[in-house]
Amino acid sequence: MSLSDKDKAVVKALWSKIGSRTDEIGAEALGRMLAVYPQTKTYFAHWSDLSPGSAPVRKHGKTIMNGVDDCVTKIDDLVGGLAALSELHAFKLRIDPANFKIFAHNVIVVIGMLFPADFSPEVHVSVDKFFQNLALALAEKYR
Amino acid sequence: MVVWTEQERAFIQEIFGKLNYEEAGPKALSRVLIVYPWTQRYFGNFGNLYNAEAIINNPMVAAHGKVVLRGLERAMKNMDDIKNTYKELSVLHSEKLRVDPDNFKLLADCLTIVIAASMRNSFTPEKQAAWQKFLAVVVSALCRQYY
């Protein structure tokens with residue numbers, strides 16, 4: 001389900017609206033993922049506080065979302081653009097790729113909450129496809 | 001057996017209390033048909049589903065969205081035995097409608113997003129956790145009679 005030119009345009013247009021709040025979106029999404037899918041907490045056993053809104057959650061949510069923002073600029077070549085991050089996730093972090101989908105779902109919930117008027121079903125489908133392709137590119141180096 | 005805390009029960013009641021059934025069901029169903037177009041395979045007799053606008057304005061989609069939500073309400077009213085409450089619905093979906101169970105999760109996710117968009121900040125992470133747990137139980141009950 002590759003990204004059409006329309007999908008790319010839709011994603012870029014949405015990001016121009018939400019871009020200023022992506023730190024907040026990332027923090028919210030990560031907090032929700034840990035609360036709603038407790039199995040994801042296994043990757044963060046080294047953190048002092050895993051509750052939504054805690055300092056490590058906010059900091060790391062921002063880090064992840066900065067990566068996602070970067071993917072929007074690299075939307076024409078996600079596999080190439082994500083090569084280094086894919087190596088990191090494959091060989092060092094070793095996060096099960098099924099979790100990429102879980103994180104994406106929570107980003108989508110937060111975008112829907114914060115920007116309901118901008119997140120119509122047509123925008124939603126392009127964003128869902130974007131995350132699907134992002135996840136695939138991120139998992140590229142796994143095996 | 002599913003164990004619900006008092007907090008979870010309260011959250012589910014609250015979310016249903018705030019739901020506009022006339023809107024949420026149709027919005028969730030039209031969203032799943034647009035975002036995951038393969039789900040349209042189950043609605044061959046619904047007429048015009050050619051594009052997003054057609055789906056959103058389709059009266060049969062809207063009517064069916066309300067049916068789905070009323071079905072969910074039954075689960076909410078029988079939270080301690082959703083499994084048995086949904087026995088016939090599960091047989092209906094597997095034997096007659098022949099719906100691939102993966103689709104239940106897609107509709108559940110779209111409903112969650114519709115609710116998040118209407119409740120906004122009051123849809124806290126804790127409420128989302130309770131809500132998604134409820135939907136997971138519902139989906140599991142719907143899948144039970146498949147073999």
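The radius of gyration, taken here over C-alpha atoms, can be set against a globule rule of 2.2 Å times the number of residues to the power 0.38. The model is predicted, and chain B is a handy place to try that rule out. With 147 residues, a compact globule would come out near 15 Å, and chain B has 15 Å, so the two agree. Along its principal axes, the C-alpha trace of chain B covers about 45 × 40 × 20 Å.

What is chain B built from? It has eight helices and zero strands, so reading from the N terminus simply gives α-α-α-α-α-α-α-α. As for how the chain packs, 48% of its 147 residues count as buried. Contacts tell a bit more: taking those in chain B with a separation of 6 or more, 73% link residues 24 or more positions apart.

One residue of chain B makes a good close-up. B:S90 sits in helix α6, which covers residues 87-96. Is B:S90 buried or exposed? Buried means under 20% relative accessible area, and B:S90 has 0%, so it counts as buried. And what does B:S90 touch, once residues up to four places away in sequence are set aside? The list is B:A141, B:L142, B:C143, B:R144, B:Q145 and B:Y146.

Next come the gaps inside. The structure holds one cavity of 30 Å³ or more, and the largest cavity has about 40 Å³ of space in it. Its lining is made up of B:G25, B:A28, B:L29, B:G65, B:V68, B:L69, B:L107 and B:L111. Which helices do the lining? Three helices of chain B, namely α2 (21-35), α4 (59-77) and α7 (102-119), each put in at least two residues. Sorted by class, the lining of the largest cavity comes to six nonpolar residues, two polar ones and no charged ones. Glycine goes in with the polar class, which is where B:G25 and B:G65 of the lining belong.

Chain A comes with a label from a record. In an unreviewed entry, UniProt lists "domain: Globin" for residues 2-143 of chain A. In the model, that span is 69% helix and 0% strand. The C-alpha atoms at the two ends of residues 2-143 of chain A lie 21 Å apart.

How values were computed
Residues are numbered from 1 along each chain as its sequence is written. Chains are lettered from A and ligands numbered from 1 in the order in which they are written. This is a predicted model: local features need pLDDT of at least 70, side-chain atom pairs count only at pLDDT 80 or more; totals for chains, interfaces and linings use all residues. Side-chain values use heavy atoms; hydrogens and water are left out. On a 1 Å grid over the protein atoms alone, a cavity is a set of points where a 1.4 Å probe fits but cannot get out, and a pocket is an open set with protein on both sides within 12 Å along at least five of seven lines; lining residues have an atom within 4 Å of a point. Grid points are joined across faces, edges and corners, and a volume is the space filled by probe spheres set on the points. Helices (H or I, at least four residues) and strands (E, at least two) are DSSP runs, numbered from the N terminus. UniProt positions are given in the numbering used here, feature names are shortened, and annotations may be inferred rather than shown by experiment. Buried means under 20% relative accessible area, exposed over 50%, partly exposed in between (1.4 Å probe, protein chains only). Contact means heavy atoms within 4.5 Å.
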